[in-house]
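Hello,

Here is the structure I promised to pass on. Please open it first, then read my notes below.

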Amino acid sequence: MASLSAQIPLCLALMMAACLMIGINGSIDGAQREFDYFALSLQWPGTICHKTRHCCSSNACCRGSNSPTEFTIHGLWPDYNDGTWPSCCYRSQFDVKEISTLLDALEKYWPSLYCGKSSTCFSGKGLFWAHEWEKHGTCSSPVIQDEYSYFITTLNVYFKYNVTKILNEAGYVPSNSERYPLGGIVSAIENSFRATPEVICSKEAVEEIRLCFFKDFKPRNCLASKTSCPKYVSLPAYVSMGREASESEMA
């Protein structure tokens, strides 16, 4: 009996250790639980750039006439059907040399719209792209296996499903005076891609649109049943003064 009594605390300790090894992603010992679908999150720079209070070289809102005027990429995110998502699935530090041939495209279509460095899983503070790769890209297997594939795949999906073009052709163009029916924006995307997007707003302004995909990148409905948007929304236009002019005005 004494030996049995001694074994009980040992078993409990082993069970607790096993629980600690199981992460919030449902993984054991750092291994990911495979995701269910992808969400391509797109940012509307007109909304985000209007919040810019100071400029820096890393902020695309401060590029003057070269500031983005179409939806830009926030990230390609592996998600679960229960509304949660994996993150930081395996140790793979971002290496900008791996994507050197993509930098021009990334600067234009996947820029940071903020100053300051982004947090990463394994590299401390770093580039916006480092955050997206280490937090989300590392959870994209078995569909995507490496850093270069993550970025080139995301760019290709972005080009194929051109939300800016679809909305412009439907009459939804940047404006600081017009308000558009949210249902019309959603319908324009549904009619083109045969799937329902998720729309995120900051007050009445569209801030993000998310497109969802099966693992073979065929469109599927996004999960969101509620929206942060009112019935009528805006797509604000934004004209950057450029970094030097902005800093002068701030002074």
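A word on terms before the first finding: a cavity here is a set of grid points where a 1.4 Å probe fits but cannot get out, and its lining residues have an atom within 4 Å of a point. Please also keep in mind that this is a predicted model.

**The cavity**

The structure holds one cavity of 30 Å³ or more. The volume of the largest cavity is about 50 Å³. Its lining is made of Tyr161, Ile189, Phe193, Ala195, Thr196, Pro197, Arg210, Leu211, Cys212, Phe213, Pro219 and Arg220. Three elements each give two or more residues to this lining: α7, β7 and β8 (219-220). The largest share, four residues, is from β7. By class, the lining has nine nonpolar residues, one polar and two charged.

**The nonpolar cores**

Leu211 lines the cavity and is also among the residues with the most contacts inside the largest nonpolar core. That core has 47 residues. Phe71, Phe151, Val163, Leu167 and Ile209 share this top group with Leu211. Helix α7 (residues 182-193) gives the largest share of the core, six residues.

What does Leu211 touch, leaving aside its neighbours within four places in sequence? Its contacts are Phe38, Ala39, Leu40, Leu42, Tyr161, Val163, Ile189, Phe193, Pro197 and Cys222. Of these, Val163 is another of the residues with the most contacts in the core. Tyr161, Ile189, Phe193 and Pro197 also appear in the cavity lining.

Another core lies apart from the largest one. This other core has five residues, including Ile48, Cys49, Cys61 and Leu113.

**The annotated site**

UniProt, in an unreviewed entry, places the feature "active site" at His74, Glu132 and His136. These residues are spread over 63 residues of sequence, yet they cluster in space, with a largest C-alpha distance of 11.2 Å. His74, Glu132 and His136 are included in the lining of the largest pocket.

Take Glu132 first. Glu132 sits in helix α4 (residues 128-135). Its relative accessible area is 1%, so Glu132 is buried. Beyond neighbours within four places in sequence, Glu132 contacts His74, Gly75, Trp77, Trp110, Gly137 and Tyr150. One of those partners, His74, is itself an annotated position.

Now His136. This residue is in the loop between α4 and α5 (147-160). Its relative accessibility is 6%, so His136 counts as buried. Neighbours within four places in sequence aside, His136 is in contact with Leu76, Trp77, Pro78, His131 and Tyr150. Trp77 and Tyr150 are on the contact list of His136 and on that of Glu132.

**Helix α4**

Why is α4 described as largely enclosed by the rest of the structure? Buried means under 20% relative accessible area. Seven of the eight residues of α4 are buried, so the helix is largely enclosed. The buried residues are Phe128, Trp129, Ala130, His131, Glu132, Trp133 and Glu134. They pack against β2, α3 (103-109), β3 (118-119), β4 (125-126) and α5.

**The pockets**

The largest pocket has a volume of about 300 Å³. Of its 19 lining residues, Trp77, Asp79, Gly83, Trp85 and Arg210 are the closest to its centre. Elements that give two or more residues to this lining are β1 (37-43), β2 (72-79), α4 and β7 (205-213). The lining divides into nine nonpolar, five polar and five charged residues. Arg210 is in this lining and in that of the cavity.

The second largest pocket has a volume of about 240 Å³. It is lined by 14 residues. Nearest its centre lie Ser58, Glu107, Ser112, Leu127 and Phe128. Five of the lining residues are nonpolar, six polar and three charged. Phe128 is one of the buried residues of α4.

**One more residue**

Look at Ser234 too. Ser234 is in the loop between β9 (232-233) and α8 (243-250). With a relative accessible area of 3%, Ser234 is buried. Not counting residues up to four places away in sequence, Ser234 touches Glu178, Arg179, Glu204, Ala205 and Val206.

Best wishes

Key. Residues are numbered from 1 along each chain as its sequence is written. This is a predicted model: local features need pLDDT of at least 70, side-chain atom pairs count only at pLDDT 80 or more; totals for chains, interfaces and linings use all residues. Side-chain values use heavy atoms; hydrogens and water are left out. UniProt positions are given in the numbering used here, feature names are shortened, and annotations may be inferred rather than shown by experiment. On a 1 Å grid over the protein atoms alone, a cavity is a set of points where a 1.4 Å probe fits but cannot get out, and a pocket is an open set with protein on both sides within 12 Å along at least five of seven lines; lining residues have an atom within 4 Å of a point. Buried means under 20% relative accessible area, exposed over 50%, partly exposed in between (1.4 Å probe, protein chains only). Contact means heavy atoms within 4.5 Å. Grid points are joined across faces, edges and corners, and a volume is the space filled by probe spheres set on the points. Ala, Val, Leu, Ile, Met, Phe, Trp, Tyr, Cys and Pro count as nonpolar, Asp, Glu, Lys and Arg as charged, and the others, Gly among them, as polar. A nonpolar core is a set of buried Ala, Val, Leu, Ile, Met, Phe, Trp, Tyr and Cys residues joined through side-chain atoms within 4.5 Å.
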